Amino acid sequence: MSAKPVPIALIGMPGGGKSTVGRHLARRLGWGFADSDALIEQRLGESIRNFFEREGEDRFRDIEQDTIDELTSQESKRVLATGGGVCLREVNRHVLHDRCTVVYLRSTPEELHRRLRHDTHRPLLQVADPLGRLRELFAQRDPLYRECSHFVIETGRPSVQTLVNMILMQLELAGVVESSLVHSPVDPPGRP
């Protein structure tokens, strides 16, 4: 009897690449993909930023908690990209750790600032000193991400494909996924 399928959840700071890497990882595994923030926005019928400004962070975190519970409550071959603040609530940390294989995509505040300096869609970064804010968020959240995760992948500057390969290597070595399940990247047409 084979083990039940366990979702792979990606956690980390805003702008750490969870959605992009998650989509590519799901494709390589031949699994489904879900983005908790995108699902929340679809259900709200508006951007998280607008909801956040109108209703506040606590109300958003309530909705996020319900969404994470729902997305992790079923057996599934799914890669889940989570919001950057998902680990702020202890219940989310426990749910993710107990129901998923959790991969923390760890990016430094400086790397994140380089990627996000022109982003106007992240409510927590709409401040006078975004790098300072990223440093504060990182100091607060890094220990929580580590508490919740099974694997930590340093993002640095590698390509998305390299990050996906690094994650797959860790998951294969740990026996989380079988190497036979990992589909190789599709070669461009006309290449052997």
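This is a short talk on the fold, the central strands, two helices and the aromatic pairs of one protein model.

Before anything else: the model is predicted. Keep that in mind throughout.

Let me start with the overall layout. The protein has eight helices and five strands. Along the sequence, the order reads β-α-β-α-α-α-β-α-β-α-α-β-α. There are 192 residues, and 44% of them count as buried. Now the contacts. Take those between residues at least 6 apart in sequence: 74% of them join residues at least 24 apart. On the surface side, the protein exposes about 10100 Å². Carbon and sulfur atoms supply 49% of that area.

Now the strands. Start with S1. Ile8 and Leu10 point one way, Ala9 and Ile11 the other, and all are buried. In general, side chains in a regular strand alternate between the two faces of the sheet. S1 has two partners to talk about here. With S3, the pairing is parallel and runs over three bridges. In that pairing, Leu10 stands opposite Ala81. With S4, the pairing is again parallel, over four bridges. Here the bridge partner of Leu10 is Val103. Next along, Ile11 stands opposite Tyr104 in S4.

So what about S4 itself? Six of its six residues are buried. Both faces are covered. Thr101, Val103 and Leu105 sit on one side. Val102, Tyr104 and Arg106 sit on the other. S4 also pairs with S5, residues 151–154, in parallel, through four bridges. Arg106 of S4 has Glu154 as its bridge partner in S5.

On to the helices. H1 covers residues 18–29, twelve in number. From first C-alpha to last, H1 reaches 16 Å, close to the 16 Å expected at 1.5 Å a residue. Which residues of H1 are buried? They are Lys18, Val21, Gly22, Leu25, Ala26, Arg28 and Leu29. Around the axis they span an arc of only 160 degrees, which puts them on the same side of H1. The general background is simple: an α-helix has 3.6 residues a turn, so residues three or four places apart point the same way. What covers that buried set? The cover includes strands S1, S2, S3 and S4, plus helix H8. S2 is residues 32–35, S3 is 78–81 and H8 is 160–173. Just after H1 comes Gly30, with a positive phi of about 75 degrees.

H6 is the second helix, residues 109–116. Its buried residues are Pro109, Glu111, Leu112 and Leu116. Seen down the axis, the buried residues of H6 fall within an arc of 160 degrees, so they line one face of the helix. Helix H7 is among what covers them.

Next, the aromatics. How many aromatic pairs does the structure hold? Two. Take Phe52 and Phe60. Their ring centres are 5.7 Å apart and their planes sit at 55 degrees, so this pair is tilted. The cut-off for edge-to-face is over 60 degrees. Both Phe52 and Phe60 are buried.

The other pair is Tyr104 and Tyr145. The ring centres are 4.9 Å apart with planes at 45 degrees, so this pair is tilted as well. Tyr104 lies in S4, residues 101–106, and Tyr145 in H7, residues 130–148, so the pair ties together parts that are 41 residues apart in sequence. Why does Tyr104 count as buried? Its relative accessible area is 0%, and the buried class takes anything under 20%. Tyr145 is buried too, at 1%. Recall that Tyr104 is the residue Ile11 stands opposite.

Last, two spots with less cover. Asp66 lies in helix H4, residues 57–72. At 53% relative accessibility, Asp66 counts as exposed, since exposed means over 50%. Its C-alpha is 9.3 Å from that of Asn92, which is 26 residues away in sequence. Then there is Ala174, in the segment after H8. At 44% relative accessibility, Ala174 counts as partly exposed. The C-alpha atoms of Ala174 and Phe151 are separated by 9.7 Å, with their positions 23 residues apart along the chain.

That is the tour. Questions, please.

Notes: Residues numbered from 1 in each chain as written. Predicted model: local features only at pLDDT ≥ 70, side-chain atom pairs only at ≥ 80, totals over all residues. Heavy atoms only, no water. Phe/Tyr/Trp six-rings, centres within 6.5 Å; stacked < 30°, edge-to-face > 60°. Buried < 20%, exposed > 50% of the residue type's maximum accessible area, 1.4 Å probe, protein only. Helix = DSSP H or I, 4+ residues; strand = E, 2+ residues; numbered from the N terminus. Expected span 1.5 Å × (residues − 1). Arc of directions from axis to C-beta. Contact = heavy atoms within 4.5 Å. Pairing = 2+ DSSP bridges. Areas by Shrake-Rupley, 256 points an atom, 1.4 Å probe, with all protein chains shown as cover.
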